[in-house]
Amino acid sequence: MRYYFLCLIALFPIAVFAQNPSLVSSIVPGTYTLNDKSEVQAAKTGGPFGKLVVSEPVNNKCIFHLRYSTGAPANNLGLIKDSLTVYGTKTFYKTTEDPSCRVVFEFNEKGVTISQESTAGSFACGFGRNVHVDGVYSRIKPTTSILPSIRTGSRDIEIFWAEWMSWDKPGKATITNLENGKYSITGKQIGRDKKGYMTIDGTLKMLSATQMEFEGTIISQEAIINEGKVCKREGKIKFTKSKRFNKWVSNLQKNWGGQNVDEYITISY
């Protein structure tokens, strides 16, 4: 006689802790499977079935729907359906039904590695008997629409503060397609006095239809900022598509040598 065990999970708020939280990575939303078996096949021939669907993010949260079956003969189930906060490419699920439970999701370009931790017995995490959802789940279908491309060629660039308005004297940058969704950008702007300047060197990639990420180095120097010393920015900087102007805009609150400035860096479409 075959028995089916189904334990529905009581969902409770989770807490995710991270340093320097970032937006949800564009590789996270999608559909993932544990192997090539359907749930029907697993129920007949044995072997686990696993499927994870992750929605598009809203306010750094994605809906996670994980369904896992041990396959024949028991066909015990594990289910997760919850809204989880995501920082970059990682998140985790917890439930107070099993305080020792922690299911970690780590995404990469090819899929997601799911790791289940619990000190509970055979019904860990509130799943069915002896259900462990661990494994490498392969991406089969992204839920995201195709991201728009970045227009290549020569583009206007500019940096300005309230103290130094320079939109009428933009610099020039060259954007080149590197494939795999990335673009190189290099360029320079010279200030009105021919002494102040800004240089940009790095890569760009689209995060969504309205957000773009720069990674590299931006250097500027201006007499009235930071006592005329060089200001250097390294790493990742987010640019948002302006609703009023044909520009990508990064608005950074910066402190240069004790001087607080409202800083804008722009790249034309």
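Over which ring does the charged end of Lys-188 sit? I began my notebook with that one, and the ring turned out to be that of Tyr-197, whose centre is 5.6 Å from the charged end of Lys-188. A reminder to myself before going on: this is a predicted model.

**Entry: charges over rings**

I then looked up Lys-247. The charged end of Lys-247 sits over the ring of Phe-245, and here the distance to the ring centre is 5.8 Å.

**Entry: the disulfide**

How many disulfides does the structure hold? I found 1. Its partners are Cys-101 and Cys-125, with 2.1 Å from S to S. I also checked the handedness of the link: with 100° about the S-S bond, the connection of Cys-101 and Cys-125 is right-handed.

Next I wanted to know which parts of the chain this bond ties together. Cys-101 belongs to strand S6, which covers residues 98-107. Cys-125 is in the loop between strand S7 (111-117) and strand S8 (135-141), so the bond connects parts that lie 24 residues apart in sequence.

Are the two bonded cysteines buried or exposed? Cys-101 has a relative accessible area of 0%, so I noted this residue as buried. Cys-125 also goes down as buried, because its relative accessibility is 0%.

**Entry: two more cysteines**

While I was at it, I looked up Cys-62 and Cys-231. Cys-62 is buried, at 1% relative accessible area. For Cys-231 I wrote down 2% relative accessibility, which again counts as buried. The cut-off I used for this is under 20% relative accessible area.

**Entry: aromatic rings**

How many aromatic pairs are there? My count came to 5. I picked Phe-64 and Phe-107 to look at in detail. Their rings meet edge-to-face, with 6.2 Å from centre to centre and 65° between the planes. The edge-to-face label applies because the planes are over 60 degrees apart.

Where in the chain do Phe-64 and Phe-107 lie? Phe-64 is in strand S3 (residues 61-69) and Phe-107 is in strand S6, so I noted a link between distant parts of the chain, 43 residues apart. Strand S6 had already come up in my disulfide entry, as the strand that holds Cys-101.

I checked the burial of this pair too. Phe-64 has a relative accessible area of 0% and is buried. Phe-107, at 6% relative accessibility, counts as buried as well.

Last, I asked which residues the ring pairs link into a cluster. Phe-64 and Phe-107 are in it, together with Tyr-32 and Phe-105.

Technical notes. Residues numbered from 1 in each chain as written. Predicted model: local features only at pLDDT ≥ 70, side-chain atom pairs only at ≥ 80, totals over all residues. Heavy atoms only, no water. Disulfide = S-S within 2.5 Å. Helix = DSSP H or I, 4+ residues; strand = E, 2+ residues; numbered from the N terminus. Buried < 20%, exposed > 50% of the residue type's maximum accessible area, 1.4 Å probe, protein only. Phe/Tyr/Trp six-rings, centres within 6.5 Å; stacked < 30°, edge-to-face > 60°. Lys NZ or Arg CZ within 6 Å of the ring centre and 35° of its normal.
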